[in-house]
Amino acid sequence: MRLKRPVSVFILLWGLLLGAPSFAKDNGLGYTPPAPGSYELPPIKRAVDGIVLDTKGHQQRLFDCMDDKFVILSFIYTNCSDICHLATYVLQQVTTELKQDLMLSGQVRLITLSFDPDHDTPEVMRRYAQAMECDTSGWVFLTTSSHAELQPILDGYGQYIVRERDATGKATGAFMHVLKVFLIDREHKVRNIYSLSFLHSTLLLNDIRTLLLEEGANR
Amino acid sequence: MYTKKWAFLITMTLPFLFIYTANADETCLSPYMAKITGHEDFVYVWTLGAEGLGDSSDKLVTVDVRPDSKTYGMVIHSVSVSGRNEAHHGDFTDDRRYFWAGGLDTSQIFIFDMYSDPAKPRLVKTINDFVKRSGGVVGPHTFYALPGRMLITGLSNDTDLGGRTGLVEYSNEGDYIVTHWLPTTDNTRGAIIEKLADGYGYDVRVLPRRNVMLTSSFTGRSNYMTELEKVMQDPDAMKRFGQTMVVWDFHARKPKKVLHVPGTPLEIRFAWGPFQDYAFTSTALTAKIWLIYADDKNEWQAKPVADIGDPSNPPLPVDISISADGRCLWVDSLMDGKVRLFDVSDPFHPKQVYEKVIGSQLNMVSQSWDGKRLYFTSSLLSKWDKKGKADQQFLKAYDWNGKELIEKFTVDFYQQKLGRPHIMRLGAYALYNIEPPKAASADQGRRQEN
């Protein structure tokens with residue numbers, strides 16, 4: 001009766017089942033994505049600010065980390081046994097492809113923010129970025145100093161997490177969560193939210209190109 | 001510790017593990033939604049209020065389905081909303097913390113908190129300007145979870161109360177985002193039209209790995225809020241039923257092709273297998289199963305593949321449910337109160353393998369992911385339900401042993417002064433990592449004993 005398996009694992013499995021052929025191909029979506037600028041990304045909601053810590057332990061405002069760029073913001077925890085690392089892996093692909101696109105390079109900031117401040121200290125986040133071989137020139141890894149600093153950020157983005165506990169009530173170190181990655185424009189509006197099924201570098205970059213074209217048209 | 005190889009490994013292997021580990025939850029849910037991985041604890045029933053019965057209002061009813069509970073099969077909670085709104089469909093947000101439920105008459109949307117106490121949902125917000133904010137969409141029907149958003153299909157519009165309508169997106173916080181009007185013959189919105197584009201709406205489902213969204217088509221408010229007998233005797237009214245399905249580029253939210261599916265295609269169910277590029281629907285007026293599939297040129301097509309019951313006396317099929325392995329399709333029909341099981345392992349040649357009368361009338365069906373438990377409700381629409389003694393209103397639970405349905409319990413929604421039960425959704429404490437309370441006593445619940 002009592003569920004032992006984390007819901008997050010099931011979400012991963014479900015997402016991968018539906019997206020498996022796409023991920024299995026070399027950077028292939030399995031379909032032709034819509035051309036940048038051929039569609040719109042209406043604002044979903046306002047992004048929220050908060051106090052965060054960078055990998056050196058320096059306190060910063062989250063909006064300052066966005067630095068007037070288009071932002072891909074992901075929430076993870078480093079002890080995650082599944083989807084968080086896959087999200088980081090996809091964002092690695094984004095950084096690789098960004099380097100090959102002169103129009104985009106320099107206009108995009110990747111932010112990975114931990115929702116496990118107890119474990120994910122600034123040093124742990126630094127080591128995580130290093131171990132995952134992430135190019136940190138345009139990608140910042142952040143954590144928070146406390147749950148009190150973290151919770152308003154999670155609430156603002158709608159990133160729901162639940163700490164898992166064993167039969168005795170002791171925290172296992174794992175979290176139940178639905179993977180969400182947010183695309184934020186320069187005006188701090190959320191323009192798309194990706195789950196695992198649509199977390200693909202081609203779609204992410206096409207969406208940013210769409211926003212750039214929108215920006216150009218509005219000038 | 002963390003490697004790229006690891007990411008590749010889980011990508012390649014877990015889809016196959018999935019097949020053997022998932023054992024619960026409904027097969028009709030959005031793939032973007034958190035799922036139950038064990039036995040469900042509750043069935044939530046969005047229920048139409050019936051005039052003069054109880055508080056007469058629409059309500060969300062919680063039925064306990066924990067097998068070891070003393071209140072198993074009993075109503076343990078209900079939360080009413082203001083008045084009767086023609087309660088119809090509803091569903092969870094992606095994180096399953098909230099349940100959105102619509103009223104087809106008033107176009108109001110009610111948002112319930114499901115996570116604070118999963119046994120006792122709490123109404124936390126009402127959206128009462130849906131028509132105005134959406135630019136004239138009437139009758140919020142399907143609620144489909146997207147990441148951080150809800151995609152809502154309309155059934156009608158505020159100009160002529162006919163079937164032309166749109167899809168509307170809201171943020172999970174309850175704020176309007178955008179409206180996508182369905183293509184019409186006059187305004188195709190860039191879609192290829194197979195025969196005609198009526199612009200009608202009903203259900204929506206997404207197949208993420210193909211970037212395909214499908215919508216189906218019903219009828220407008222002028223019909224669904226009129227007595228069924230009157231509608232069927234009015235030749236003009238009978239012309240105002242949907243006969244299309246639309247294939248969309250989901251990411252762009254652009255219609256690509258309008259398929260001709262005469263007879264009012266209602267619920268849409270994609271097969272879940274990683275290589276199954278097809279969905280089923282049933283047509284209410286012509287009583288057929290249709291297959292919507294990608295052909296060998298990757299073009300989406302629609303084809304009628306089976307009759308439901310006697311074609312000369314169509315039983316008005318209203319809901320379908322596909323098994324997780326895509327081999328079985330349950331089909332409910334209103335007029336004869338029957339559920340039929342089709343073997344759809346060859347999707348082009350479904351074969352009926354079982355049938356059972358569930359009640360005098362029948363509407364929605366939900367099955368658990370493992371296909372072992374099925375739940376049925378009876379009400380279609382307040383104006384279309386049967387009259388007199390045939391107007392039974394119930395939730396019935398069955399076990400499926402592979403050969404026959406074994407009844408587990410019935411809740412009589414009239415006897416318990418609840419109303420007309422329509423859509424069901426499953427709930428569980430484990431979704432929120434909440435430890436279930438100690439067994440409740442039987443007098444805390446209400447059940448119709450068989």
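# Sheets, cores and a buried aspartate

In chain B, four strands make up an open sheet with antiparallel pairing, and their order is β23-β24-β25-β26. Please keep in mind as you look around that this is a predicted model. The mean pLDDT of chain A is 87, with 88% of its residues at 70 or more. One stretch of chain A asks for caution, though: over residues 1-26 the pLDDT is below 50, and in the model this stretch has 84 contacts beyond near neighbours in sequence.

**The sheet from β23 to β26 in chain B**

- Which strands sit at the edges of this sheet? They are β23 (317-322) and β26 (351-357) of chain B, and each of them pairs on one side only.
- On average, neighbouring strands in this sheet are turned by 20° against each other, if direction is ignored.
- Over five bridges, β23(B) pairs in the antiparallel sense with β24 of chain B, which covers residues 328-333.
- To see one of these pairs up close, find I322(B): its bridge partner in β24(B) is L329(B).

**The sheet from β19 to β22 in chain B**

- Another open sheet of four strands in chain B runs in the order β19-β20-β21-β22, with antiparallel pairing.
- Its edge strands are β19 (265-270) and β22 (300-307) of chain B, each pairing on one side only.
- Here the average turn between neighbouring strands is 25°, again with direction ignored.
- Four bridges join β19(B) to β20 of chain B (residues 278-283) in the antiparallel sense.
- If you start at F270(B), you will find its bridge partner, A279(B), in β20(B).

**A hairpin in chain B**

- β4(B) and β5(B) form a hairpin, and five residues lie between the two strands.
- In the turn of this hairpin, R96(B) has a positive phi of about 65°.
- The two strands pair in the antiparallel sense over four bridges, and β5 of chain B spans residues 98-103.
- One residue to look for is D91(B), whose bridge partner in β5(B) is W100(B).
- How many of the six residues of β4(B) are buried? The count is six of six for this strand (residues 87-92), so it is described as mostly covered under the rule that buried means under 20% relative accessible area.

**A buried aspartate, D113(B)**

- D113(B) belongs to strand β6 of chain B, which covers residues 109-113.
- Is D113(B) buried or exposed? D113(B) counts as buried because its relative accessibility is 2%.
- Its side chain has a polar contact with the side chain of S116(B), at 2.5 Å.
- The side chain of D113(B) also reaches the backbone nitrogen of Y115(B), at 2.9 Å.
- Leaving out residues up to four places away in sequence, D113(B) touches R97(B), Y98(B), P121(B), R122(B) and V124(B).

**Nonpolar cores**

- As background, nonpolar side chains tend to be buried together in soluble globular proteins.
- The largest nonpolar core in this model has 63 residues.
- Which members of that core touch the most other members? They are I72(A), L73(A), F75(A), Y157(A) and I184(A).
- Helix α3(A) supplies the largest share of this core, with nine residues.
- A second core, separate from that one, has 57 residues, including V162(A), F99(B), A145(B) and M424(B).
- Back in the largest core, Y157(A) is a good residue to explore: beyond its neighbours within four places in sequence, its contacts include K45(A), V48(A), L62(A), F63(A), M66(A), F182(A) and V190(A).

**Helix α3 and T88 in chain A**

- T88(A) lies in helix α3 of chain A, which runs over residues 83-99.
- With a relative accessible area of 1%, T88(A) is buried.
- Not counting residues up to four places away in sequence, T88(A) touches I76(A), Y128(A), M132(A), C134(A) and W139(A).
- From C-alpha to C-alpha, T88(A) and F198(A) are 14 Å apart in space, and 110 residues separate them in sequence.

**Two loop residues with positive phi**

- D67(A) is not a glycine, yet it has a positive phi of about 55°.
- Where is D67(A)? D67(A) sits in the loop of chain A between α2 (62-66) and β4 (70-76).
- D67(A) counts as partly exposed because its relative accessibility is 40%.
- K417(B) is another residue other than glycine with a positive phi, near 55°.
- You can find K417(B) in the loop of chain B between β30 (405-412) and β31 (420-427).

Methods: Residues are numbered from 1 along each chain as its sequence is written. Chains are lettered from A and ligands numbered from 1 in the order in which they are written. This is a predicted model: local features need pLDDT of at least 70, side-chain atom pairs count only at pLDDT 80 or more; totals for chains, interfaces and linings use all residues. Side-chain values use heavy atoms; hydrogens and water are left out. pLDDT is the predictor's confidence in each residue, from 0 to 100. Contact means heavy atoms within 4.5 Å. Buried means under 20% relative accessible area, exposed over 50%, partly exposed in between (1.4 Å probe, protein chains only). Two strands pair if DSSP finds at least two bridges between them. Axes are lines fitted to C-alpha atoms, for helices over the stretch in contact, and angles run from 0 to 180 degrees between N-to-C directions. A polar contact is a pair of N or O atoms within 3.5 Å; within protein, one must be able to donate a hydrogen and the other to accept it, and residues adjacent in sequence count only if both atoms are side-chain atoms. A nonpolar core is a set of buried Ala, Val, Leu, Ile, Met, Phe, Trp, Tyr and Cys residues joined through side-chain atoms within 4.5 Å.
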